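Here is a quick note to go with the structure, for anyone opening it for the first time. The points go one region at a time, so keep the view open while you read.

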Amino acid sequence: MLSEKYINQYTAEISQATERIKQDAPPLCELQYFWEEVEKYFSLSLQPTPKPDIIVWGTAFPEELIYAFGVSPCIIAGGSLAVSALTDDELPRDTDAVSRSAYGILANKLTEKSLVIIPITDDSSRKISYILKSKGVKVHTVDIPPTGSDTARAAWIYQTELCAEAIARHLKRPFSKRRFKSACTLVYRAKAALREFTELSLSRTNIIPDTLRMFIAYSYYCTANIEQWTNNLRQLNEKIKELDEDGASDKNRVLIVGSPIYFPNFKIPYLLRDAGLHIAANIDYAAIRAVNPSEPNKSFSDVMNGYYENDCSGAYAVNDRLYGYVEQAARRFKPDGIVFHILKGQIEYDYELSRMENMFNEKNIPVFRLETDYNKQDIEQLRIRAEAFGEVLEQRKYAEANPT
């Protein structure tokens, strides 16, 4: 039984985070659906109906596979500091913030009939899958081969076939190629609408704040009805098209690279905004997955192989996909700086920093490594560093405009 103190802290965290984004957002009635959808997902009292049959740990999993069975996945991504308190007696103190938060949210979503699918992207997911199994939770793990070789791709497809069989046994319904193609179409339409929203937002940066753009993208992982979500996003897109384009932001542009940023923990986006920086894009596996669908009308193997080819989660020994996405974004957005975001405990991203720094040095782009967690104790220290980074970018811009 959750204590009243915990419930109040959790409710306040979600409410405050949502209200802050609302304050910056334009007064569009089409946004109301997304406020309600995310609040419903995080609510302790308004659980999804029906209760989740399939829960997915994290965002590094092809959700088409679950939609193919006619159910919506309940995706546990993390982001909440308040729920982390629930894990103090079960997870080590130094467990990364996303895992602690996701574990706490899972405790609120889990039912006796739930099957929890856990893609193994790091040591925490491997250990937590064991903990859940030892508690009697029905868990199916999906190993993501770390090398990206032809053998690894074959092993990945085999893993997803086993997962489909596990879901079929759990739901007591067979896998259907026809329903799988329909699921791929559902996801493709949703992510196509999200891609359009992102492009519209980037051409109206003074109307659509960075935090709202990131919030709408995150809402994809919160919805229990993907068709309804897609229709509402299309309506929002049509409304945004009526707004005048205001061109690119005159603020210094940065890319956020590394650990994923999940609502309600938007501490870093707000710190960067307060430092006068515009987030041109956040490059992490959750953000990439949200706008990178598989083409419909392909075979199961082709879709799963395409997912593996594009995945940039922390599972890989050398994360060439993440490097490629960052390089592509650097060419497109021509950022003034890079914010390399590391959540404490997610060392798999720190391993990628050295190679990326070489790329940024060649492009003459400054890098700001920012390590933090979900707590607020370091906000002032980070604010000082973010403002100093912003001043460096301003000085560089001034020097380029006024050569001696």
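1. Let's start with the cysteines. C74 is buried, and its relative accessible area is 7%. Keep in mind throughout that this is a predicted model. Its strand is worth noting too: β2 covers residues 74-76 and is one of the edge strands of an open sheet.

2. What keeps C74 from bonding to its closest cysteine sulfur? The partner to look at is C222, but its sulfur lies 9.2 Å from that of C74, which is too far for a bond. C312 has a similar story: the closest cysteine sulfur is again in C222, and at 19 Å it is too far away for a bond. C312 also counts as buried, with 2% relative accessibility. In general, a disulfide is a covalent bond between the sulfur atoms of two cysteines. With two such sulfurs required to lie within 2.5 Å, the count here comes to zero disulfides.

3. Now for the sheet that holds C74. Four strands make up an open sheet in the order β2-β1-β3-β4, and the pairing is parallel. At its edges sit β2 (74-76) and β4 (138-143), each of which pairs on one side only. From one strand to the next, the twist averages 25 degrees.

4. Zoom in on β1, residues 54-57. It pairs with β2 in the parallel sense over three bridges. Two of the contacts to look for are V56, whose bridge partner in β2 is I75, and W57, whose partner in β2 is I76. Toward β3 the pairing is parallel as well, again over three bridges, and there I55 stands opposite V116.

5. Which way do the β1 side chains point? I54 and V56 go one way, I55 and W57 go the other, and all of them are buried.

6. Two helices to find next are α4 and α6. Helix α4 (residues 97-109) packs on the sheet and touches β1, β2 and β3 (115-120), with its direction at about 170 degrees to that of β1. Helix α6 (residues 150-171) also packs on the sheet, where it touches β1, β3 and β4; its direction makes about 165 degrees with that of β4.

7. I167 is a good residue to click on. Leaving aside residues up to four places away in sequence, it touches I54, L65, I66, F69, L115 and I117. I167 is also among the residues with the most contacts inside the largest nonpolar core, together with F42, I216 and F263. That core has 137 residues, and helix α7 (residues 177-202) gives the most to it, with 10 residues. As background, nonpolar side chains tend to be buried together in soluble globular proteins.

8. F263 turns up again among the aromatics. The model has 20 aromatic pairs. In one of them, the ring centres of Y218 and F263 are 6.3 Å apart and the planes meet at 45 degrees, so the pair counts as tilted. Y218 belongs to helix α8 (residues 210-219), while F263 is in the loop between β5 (252-258) and α10 (267-274), so this pair ties together parts 45 residues apart in sequence. Both Y218 and F263 are buried.

9. For contrast in geometry, try Y220 and W229. Their pair is edge-to-face, with 5.4 Å from centre to centre and 70 degrees between the planes. Y220 and W229 are both buried. Back with Y218 and F263, one aromatic cluster brings these two together with W35, Y41, F42, F215, Y262 and F266.

10. Finish with β7, residues 337-343. How many of its residues are buried? Seven of its seven are, so to speak, out of sight: the strand is mostly covered. G337, V339, H341 and L343 point one way, whereas I338, F340 and I342 point the other.

11. What does β7 pair with? It pairs with β5 in the parallel sense over five bridges, and V254 has G337 as its bridge partner in β7. It also pairs with β8 (residues 367-372), in the parallel sense and over six bridges. There, the bridge partner of I338 is V367.

Note on methods. Residues numbered from 1 in each chain as written. Predicted model: local features only at pLDDT ≥ 70, side-chain atom pairs only at ≥ 80, totals over all residues. Heavy atoms only, no water. Pairing = 2+ DSSP bridges. Axes fitted to C-alpha atoms, helices over the stretch in contact; angles between N-to-C directions. Contact = heavy atoms within 4.5 Å. Buried < 20%, exposed > 50% of the residue type's maximum accessible area, 1.4 Å probe, protein only. Core = buried A, V, L, I, M, F, W, Y, C linked by side-chain atoms within 4.5 Å. Phe/Tyr/Trp six-rings, centres within 6.5 Å; stacked < 30°, edge-to-face > 60°.
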